[in-house]
Amino acid sequence: MPKNYKYSFILLALLTIIFFVVNVSLGSITIPIKSIFNSFFNASGNYTNHEYIIQNYRLPKAITAILVGSGLGISGLLMQTLFRNPLAGPFVLGITSGASLGVALVIMGSSVLGGIFATLLISKWSLVIAASLGSFLVLLTVLIVSSRVRDTMAILIIGLMFGSITAAVVSVLSYFSSAEDLQQYIFWGFGSLGDLQWNELKIFALIYVVGLVFSLASIKALNTLLLGENYAKSLGLNIRKSRLIIIIATSLLAGTITAFAGPIAFIGLAIPHITRQIFNTANHKILLPAVFLLGAIVMLICDSIAQLPNTDYTLPINAITSLIGAPVVVWLLVRKKKMVF
Amino acid sequence: MSKKNKNTILKTNNLNIGYKSKKAETSIASNINIELIEGELIGLVGANGIGKSTLLRTLTNVQPALGGDVSILLKNINDYQSIDLAKVLSLVLTESVSSKNLSVLELVALGRQPYTNWVGNLTAKDIEVVNAAVEKTNLTDLKNKKCYELSDGQLQKVMIARALAQDTALIILDEPTTHLDMYHKAYVLKLLQKLAKETNKTILFSSHEIDLAIQLCDTLIVMSKDGIVQDTPKNLIKQGSFSNLFPEDLIVFDKETGAFRVKK
């Protein structure tokens with residue numbers, strides 16, 4: 001019977017907790033560990049300054065990091081198994097490109113198109129809504145087109161094509177927009193974990209949980225798909241239904257993450273690979289929880305670094321994820337000499 | 001004959017196979033009447049392009065029939081839910097599995113998918129069936145190996161074990177001997193013969209190993225331009241069914257040895 005993974009999971013869970021506390025304790029000002037734990041268990045409503053920072057700024061940010069890391073990792077895993085392609089990630093279905101189109105339209109379209117967009121206030125909520133609408137519309141188009149094709153690989157290509165189309169529209173918009181608008185758009189593209197208030201986080205977490213439930217429901221289908229679609233069919237799997245559930249799970253997870261935290265690159269592609277190399281298994285009953293924990297850990301680490309402790313600067317999280325993550329993947333592949341997929 | 005009191009597992013009734021497009025139907029073979037009996041090993045032979053794969057695809061409900069019908073265990077194949085069909089019919093395909101990072105045991109256990117719960121947990125009975133399948137296919141020593149470590153012959157045994165674990169009355173294999181050397185071709189077909197006898201399952205395979213099939217199968221289905229016949233190898237040789245299998249300019253069937261010879 002398969003190896004016992006209990007200890008690996010206990011270790012990963014402990015690491016998640018440790019990096020969670022580390023993440024919360026680091027920031028532009030130093031906060032003693034004692035205040036951190038006080039703030040965790042202080043329900044009275046009377047906070048000291050330190051506790052206030054933790055409660056209203058650092059805690060939501062650390063939780064966002066966990067949701068973003070685990071969510072992107074899981075949706076990357078789902079896409080890689082569905083498309084049986086190690087290069088697939090959460091964004092192959094055009095989710096990011098849709099979101100960036102929505103955001104680009106709000107930020108840059110106001111000057112280019114004028115009219116209705118000019119009247120829109122460019123607040124955070126309008127960006128979140130624009131990103132959600134954009135990714136939803138592009139994804140819907142991809143889904144409608146792909147419901148007409150039987151081949152799963154064709155969906156991959158269709159998703160990439162829609163990504164190219166939206167990227168081209170964004171380019172055209174950028175060409176005509178002012179330097180200021182362009183800069184704002186680029187800033188959105190850096191990604192950000194620290195912008196969420198508790199009430200926004202609640203909505204984020206709610207959709208995330210729904211996406212997670214869909215992912216858990218696909219575990220058996222994902223394992224069956226390891227044999228290939230024809231074998232899966234011969235085992236009684238309803239390919240179309242399973243494919244739809246997997247795509248819905250990915251859209252919910254990656255879509256909300258992009259809407260709330262911006263287009264965070266790399267995590268979705270890398271975490272499943274790191275997990276497979278470490279656990280050396282293809283069984284999704286093991287992979288899914290492992291990807292969840294590893295995604296959360298890597299995101300917490302990246303965010304702690306991006307924070308540049310004790311300074312007032314915050315580096316773009318999108319750059320840090322690749323800077324930290326890419327060498328790890330390269331190192332794992334070189335060390336194990338064989339790619340596990 | 002003793003066949004009379006054995007159950008029919010699969011039966012076709014004037015089956016017509018081929019492809020349907022929006023404009024026209026292209027029939028490849030029609031009036032197919034074959035019957036697969038419990039516990040028998042049946043070979044399907046014929047030249048390339050004669051429609052063996054189309055027939056198998058129709059028998060396994062991957063492709064709709066143009067006419068006639070296929071019934072498994074007296075029930076029309078179209079009346080099966082896909083999950084119920086998976087409990088009476090398992091397949092071994094020519095394609096390789098997408099992930100070779102599964103261990104032999106894990107891959108064989110995937111054969112239990114139609115029976116397991118929503119997350120795919122194996123019960124004690126499932127594990128028992130999986131272990132039995134591994135033993136019957138002589139894979140016990142390899143059971144913890146990863147599939148990428150196996151040879152083609154070993155991998156074919158694993159796929160057969162997976163089909164066994166699916167515990168169906170009928171197993172259909174599409175060219176299970178391609179890519180194998182002469183020894184392993186004989187080994188795999190001999191294994192199928194043993195499994196059919198021991199487990200009382202019906203096993204149908206398509207193959208180009210006509211001489212091996214003649215020696216090992218209970219009945220053979222011969223597909224040629226003249227039509228499709230099913231009979232015991234002996235009777236088929238008597239009737240000269242193998243002689244018109246291929247164009248006769250290059251090879252001829254030798255009735256004495258039951259094998260093809262190159263024309264001198």
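How many helices and how many strands are there in chain A? Chain A has 16 helices and zero strands. Before I go on, keep in mind that this is a predicted model.

Let me stay with the overall picture of chain A for a moment. The radius of gyration is 21 Å, and the globule rule gives 20 Å for 341 residues, so chain A is as compact as a globular protein of that length. If you box up its C-alpha atoms along the principal axes, you get roughly 60 × 55 × 40 Å. Of those 341 residues, 48% are buried. And if you take the contacts in chain A with a separation of 6 or more, 77% of them come from residues 24 or more positions apart.

Okay, chain B. Here the secondary structure comes to eight helices and 13 strands. Its radius of gyration is 19 Å, close to the 18 Å from the globule rule for 264 residues, so chain B is also as compact as a globular protein of its length. The C-alpha trace spans about 55 × 45 × 40 Å along the principal axes. In chain B, 42% of the 264 residues count as buried. For contacts with a separation of 6 or more, residues 24 or more positions apart account for 67%.

Now let's zoom in on two helices of chain A, starting with helix 1, residues 6–25. Its 20 residues should span 28 Å at 1.5 Å a residue, and the end C-alpha atoms are 29 Å apart, which agrees. Which residues of helix 1 of chain A are buried? Those are A:Leu12, A:Thr16, A:Phe19, A:Asn23 and A:Val24. Looking down the axis, these buried residues fall within an arc of 130°, so they line one face of the helix. Flip helix 1 of chain A over to the other side and you find exposed residues, among them A:Lys6, A:Tyr7, A:Ile10 and A:Leu11. A:Leu14, A:Ile17 and A:Ile18 are exposed on that side too. As for what covers the buried residues of helix 1, the list includes helix 2 (33–41), helix 3 and helix 15 (284–306) of chain A.

That brings me to helix 3 of chain A, residues 49–82. It has 34 residues and reaches 48 Å from its first C-alpha to its last, close to the expected 50 Å. Where is the kink in helix 3 of chain A? You'll find it at A:Arg58, about 40°, shortly before the proline A:Pro60. Of the 34 residues in helix 3 of chain A, 26 are buried, so this helix is largely enclosed by the rest of the structure. After helix 3 comes A:Arg84, with a positive phi near 45°.

While we're on phi: most residues other than glycine have a negative phi. Chain B has some residues to look at in that light. Helix 1 of chain B is followed by B:Asn61, whose phi is positive, near 65°. B:Leu74 has a phi near 70°, and it sits in the loop between strand 5 (67–72) and strand 6 (75–76) of chain B. Is B:Leu74 buried or exposed? B:Leu74 is exposed, with 9 other C-beta atoms within 10 Å. B:His179 also has a positive phi, near 70°, and lies in the loop between strand 8 (170–173) and helix 6 (182–199) of chain B. B:His179 is partly exposed, with 15 other C-beta atoms within 10 Å.

Back to helix 1 of chain B itself, residues 52–59. The buried residues there are B:Lys52, B:Leu55, B:Leu56, B:Thr58 and B:Leu59. They cover an arc of only 160° around the axis, which puts them on the same side of the helix.

One buried residue I'd like to show you up close is B:Val129, in helix 4 (residues 124–136) of chain B. B:Val129 has 21 other C-beta atoms within 10 Å. Beyond its neighbours within four places in sequence, B:Val129 is in contact with B:Arg112, B:Ala165 and B:Asp167. B:Val129 and B:Ala109 are 20 residues apart in sequence, and their C-alpha atoms are 8.8 Å apart.

Last stop: where the chains meet. There, 20 residues of chain B are in contact with 21 residues of chain A. On the chain B side, helix 2 (82–85) and strand 7 (89–92) each give two or more residues. Helix 2 of chain B gives the most, with three residues. By class, that side of chain B has eleven nonpolar, seven polar and two charged residues.

Methods:
Residues numbered from 1 in each chain as written. Chains lettered and ligands numbered in written order. Predicted model: local features only at pLDDT ≥ 70, side-chain atom pairs only at ≥ 80, totals over all residues. Helix = DSSP H or I, 4+ residues; strand = E, 2+ residues; numbered from the N terminus. Rg over C-alpha atoms; globule rule 2.2 N^0.38 Å. Buried ≥ 20, exposed ≤ 12 C-beta atoms within 10 Å, placed from the backbone. Contact = placed C-beta atoms within 7 Å. Expected span 1.5 Å × (residues − 1). Bend = angle between axes of the 7 residues up to and from the residue. Arc of directions from axis to C-beta. Nonpolar A, V, L, I, M, F, W, Y, C, P; charged D, E, K, R; others polar.
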